[in-house]
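Me: I am new to this structure. Please take me through its cavities and its aromatic rings.

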Amino acid sequence: MSARNPRNQYLRTERMPHIWCPGCGLGTAVNCFISAIENDDELSLDRICAVSGIGCTGRIAGYLKVDSFHTTHGRPIPFATGLKLANPKMKVVVFSGDGDLFAIGGNHFIHAARRNMDLAIICVNNFTYGMTGGQVTPTTPMEAISATTPYGNIEEPFNLPFLADCSGAVYVARWTVFHVRQVARAMREAIHKTGFSFIEIISPCPTLYGRRNKFGDGLKMMQMFKDNSIVMNEADTRDVGLDLRGKIICGKFVDREKTSYLDMYNIKMAERFGPFYEPYEGVK
Ligand code: SF4
């Protein structure tokens, strides 16, 4: 009799083997997500939705055995917004990559944060477009080699925690895939937080980003994350930008309270219509 992995119950095993390369950090990110949701009595699987865009990270939604949606490029946040507005009781998680969320999807990110839409956004940042051959993304560090920057990137990358913070996110954290316990804890906190929560997970893409920039294989990149990370909870997000070979400041940077979009909607409509207003609780 073959041994069964107890986590198979959270995965669409009929879709295995997955497409990810050896040494990729995406499997670890999925495992952390399962750690975050299993044994959580307040979270039943039928109350969680996972939404992804396109790219290597975008495959995650298809592998998780929850209500999940693999949407078009850059659009997981508007899709997730629609799900949340139609059924506010659902915990809606967006799982996508740096290219998807911050290039074509960048506009959606800042506006969902500004509105304080009640979503948990998990960005696996591997600094490149993996699925399409390793092009530069909005998070590729200066001087990094990519398929489209063969002489080194000359553009300043986004500092994602700062972007989330100044756009209005109520929860902002960054960890690497080396920090599995911290990632799982941050995911659990983000899912339970009311409002727009953002987690950046630094992850190796040894096949394209690591090889081109001479970081070695997935194991060597994990060692680099371990050696180069500094935990600074509550750090000023202006100071946590990333360089090609510099330190990686990790931690929970922001955790504040602010009225979410739907709560604000109900408050304002009740002010306007008084006792005639029935609070919106989703599509009947
Ligand atoms: Fe992971 Fe990079 Fe391979 Fe994509 S190309 S699966 S990001 S290692």
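Reply: On a 1 Å grid over the protein atoms alone, a cavity is a set of points where a 1.4 Å probe fits but cannot get out, and lining residues have an atom within 4 Å of a point. A volume is the space filled by probe spheres set on the points, which are joined across faces, edges and corners. The model is predicted: local features need pLDDT of at least 70, side-chain atom pairs count only at pLDDT 80 or more, and totals for chains, interfaces and linings use all residues. Residues are numbered from 1 along each chain as its sequence is written, and side-chain values use heavy atoms, with hydrogens and water left out.

Me: How many cavities of 30 Å³ or more are there?
Reply: The rule above decides what is counted. The count of cavities of 30 Å³ or more comes to three.

Me: What is the volume of the largest cavity?
Reply: Its lining has 15 residues, and among the closest to the centre are Phe 127 and Met 224. The volume of the largest cavity is about 130 Å³.

Me: Which residues form one aromatic cluster with Phe 102?
Reply: Rings of Phe, Tyr and Trp (its six-membered ring) pair if their centres lie within 6.5 Å; planes under 30 degrees apart count as stacked, over 60 as edge-to-face and the rest as tilted. Phe 102 and Phe 198 pair edge-to-face, at 5.9 Å centre to centre and 80° between the planes. The cluster joins Phe 102 with Phe 109, Phe 196 and Phe 198.

Conventions:
1 Å grid on protein atoms, 1.4 Å probe; cavity = no way out; pocket = protein on both sides within 12 Å on 5 of 7 lines; lining within 4 Å.
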